[in-house]
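Visitor: Could you walk me through this structure and explain the words as we go?
Guide: Gladly! Have a look at it, then ask away.

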Amino acid sequence: MGTWVLKSFIELTTEELYDILALRAEIFVVEQNCPYQDPDGKDKKAMHMYYKEGDTIISYVRILPAGVSYQEPSIGRFVVKASERRKGYGRVIFTRAIDYITTFWKADAIRISGQAYLRNFYESLGFVVQKDGYLEDGIPHFEMLRTTKKTS
């Protein structure tokens with residue numbers, strides 16, 4: 001059994017930050033062959049959620065408050081270690097991120113820029129395409145929105 005972690009940027013240790021950036025580079029830069037500037041200044045404003053087994057981060061997301069990337073809160077830098085895919089870690093961490101935003105930030109909408117190959121996954125979590133496909137860092141993406149009805 002692993003450990004779930006949720007921390008603000010300032011709460012992250014240097015080792016945690018190193019491991020997060022290493023995993024993001026492993027997936028986004030190396031695996032996807034996409035050289036881009038990963039540290040974009042938004043990490044400092046984000047909540048960082050990850051699942052770790054032993055010394056290895058298995059899955060990670062960056063949760064951004066409203067007004068940083070979009071008018072709504074956002075989830076990004078979503079990764080699952082390649083060797084651990086298709087085991088449910090992605091669905092669990094993304095659901096936890098949605099729950100965090102709706103519970104603690106009381107948000108009724110979440111906007112993401114999701115890679116096109118994960119469109120069905122995001123749709124299964126309630127996200128709906130808002131903007132036709134576009135290239136972000138040379139990779140096809142969709143802008144997607146998830147809304148939650150608030151009851152009075």
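**The sheet and its helix**

Guide: Four strands make up an open sheet with antiparallel pairing, in the order β1-β2-β3-β4. The model is predicted, so local features need pLDDT of at least 70 and side-chain atom pairs pLDDT 80 or more, while totals for chains, interfaces and linings use all residues. Residues are numbered from 1 along each chain as its sequence is written, and side-chain values use heavy atoms, leaving out hydrogens and water.

Visitor: Why is one side of β1 and of β4 left without a neighbour in the sheet?
Guide: β1 (3-8) and β4 stand at the edges with a single partner strand each, so one side of each stays free of a neighbour.

Visitor: What makes β1 and β2 a pair?
Guide: Strands (DSSP runs of E, at least two residues, numbered from the N terminus) pair if DSSP finds at least two bridges between them. Six bridges join β1 to β2 (47-53), so the pair meets that rule. Within it, K7 stands opposite H48.

Visitor: Which strands does α1 touch?
Guide: α1 packs on the sheet and touches β1, β2, β3 and β4; contact means heavy atoms within 4.5 Å.

**The pocket lining**

Visitor: What makes a lining residue nonpolar, charged or polar?
Guide: Ala, Val, Leu, Ile, Met, Phe, Trp, Tyr, Cys and Pro count as nonpolar, Asp, Glu, Lys and Arg as charged, and the others, Gly among them, as polar. By that rule, the lining of the largest pocket divides into 18 nonpolar, ten polar and eleven charged residues. A pocket is an open set of points on a 1 Å grid over the protein atoms alone, where a 1.4 Å probe fits, with protein on both sides within 12 Å along at least five of seven lines; lining residues have an atom within 4 Å of a point.

Visitor: Which strand gives the largest share of that lining?
Guide: β4 does, with seven residues.

How values were computed. Axes fitted to C-alpha atoms, helices over the stretch in contact; angles between N-to-C directions.
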